[in-house]
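Me: I am new to this structure and would like to understand the terms used to describe it. Please set each term against its criterion.

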Amino acid sequence: MSMNYWDVYTYSRDLSIFIDLLGAYEVPVETTELANLDSQFQSLKGNFFVSVDNILFTIDKKISGTIPSDIGYLQILLSHKCEIDADVDQEIDDPISVYDFQLQIKGFDQNVKEYVSWWHLDKNPKSEPPKFTHPYYHLQFGGNAIESVDSGDIVLLSAPRLPHPPMDIFLGFHFILNNFYSSKDFHFVNELLDNTQYKEIICRAQTRMWEKYFSAFSDNTHNHFTRKNVFPLYLDVDSEG
């Protein structure tokens, strides 16, 4: 994987195009945080650090399967941090030194009562042996943010932690658009996904974030992206057994 995809200029250029595409296709998202990030990137020389808080998406239609069933309006707040250690040899080590990806979801019923939930994608710090399977990068419902919420009769568990590759801001938007906006109700979904510039940006982000992650099953020379780290449920057959 070329380190060029972590280049500040490349990332800033993609970010500027991405902001324009969101506006052109009328995606219901507040882009002020992205614009601020873009202006910061344009002044950077070599450091790579992304930090955005509470980028607001709105969904004004019901999503089937939602509980309570009368929730007809949702807000999704995306926060993300990513810092790269340029001194790391990414052929054998994960260059991401700081990583956090949070989705807060707010739903409102007909009486404008607010309901909340959270998802987060984070990185296992490996500070001590885990009590349960703990993939190196994992997507998890809830977490610390939901502990102060009145759960009523709902049981909330910290498990399972689902293996998931890391996402940057571009892949985060891609994740939200594909999982929360119905292509039947929102015309911009398929139109944006078919846009050549959009696809090129997403492909570069996939290479940047996923190439070494998914190589865990094709080679085992990486210190962090190994089969056991990426997918702890994977069992290697004992060659002597």
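Me: Which residue of β3 does Ser79 stand opposite?

Reply: The model is a predicted one. In it, Ser79 stands opposite Gln102 of β3.

Me: What makes strand β2 and strand β3 a pair?

Reply: Two strands count as paired if at least two bridges are found between them. Strand β2 (residues 73-84) and strand β3 (residues 96-108) have twelve bridges, in the antiparallel sense, so the criterion of at least two is met.

Me: How do you know that β3 also pairs with strand β4, and what lies between them?

Reply: Eight bridges join β3 to strand β4 (residues 114-123), again in the antiparallel sense, and the criterion asks for at least two. Within this pair, Ile105 stands opposite Ser117 of β4. The two strands form a hairpin, with five residues between them. Val112, in the turn, has a positive phi of about 65°.

Me: Why do β5 and β6 count as paired?

Reply: Strand β5 (residues 137-141) and β6 are joined by two bridges in the antiparallel sense. The criterion is at least two bridges, so β5 and β6 count as a pair. Leu139 has Leu162 of β6 as its bridge partner.

Me: What is the order of the strands in the open sheet, and why are β1 and β6 called edge strands?

Reply: The six strands of the open sheet follow the order β1-β2-β3-β4-β5-β6, with antiparallel pairing. The edge strands are β1 (49-59) and β6 (162-163), and each of them pairs on one side only.

Me: Why is helix α1 called roughly parallel to helix α3?

Reply: The axes of helix α1 (residues 8-24) and helix α3 (residues 169-180) come within 11 Å and cross at roughly 30°. Angles under 35 degrees count as roughly parallel, and therefore α1 is roughly parallel to α3. Tyr11, Asp14, Leu15, Phe18 and Leu22 of α1 make the contact with Ile169, Phe170 and Phe173 of α3. These residues comprise seven nonpolar, no polar and one charged.

Me: How many cavities of 30 Å³ or more does the structure hold, and what lines the largest cavity?

Reply: A search of the whole structure finds one cavity of 30 Å³ or more. The largest cavity holds about 70 Å³ of space. Twelve residues line the largest cavity, with Asp94, Pro95, Arg208, Met209 and Phe225 nearest its centre. Helix α5 (residues 196-214) gives the most to this lining, with four residues. The lining divides into eight nonpolar, one polar and three charged residues.

Notes:
Residues numbered from 1 in each chain as written. Predicted model: local features only at pLDDT ≥ 70, side-chain atom pairs only at ≥ 80, totals over all residues. Heavy atoms only, no water. Axes fitted to C-alpha atoms, helices over the stretch in contact; angles between N-to-C directions. Parallel < 35°, antiparallel > 145°, perpendicular 65-115°, else oblique. Contact = heavy atoms within 4.5 Å. Nonpolar A, V, L, I, M, F, W, Y, C, P; charged D, E, K, R; others polar. 1 Å grid on protein atoms, 1.4 Å probe; cavity = no way out; pocket = protein on both sides within 12 Å on 5 of 7 lines; lining within 4 Å. Points joined across faces, edges and corners; volume = space filled by probe spheres on them.
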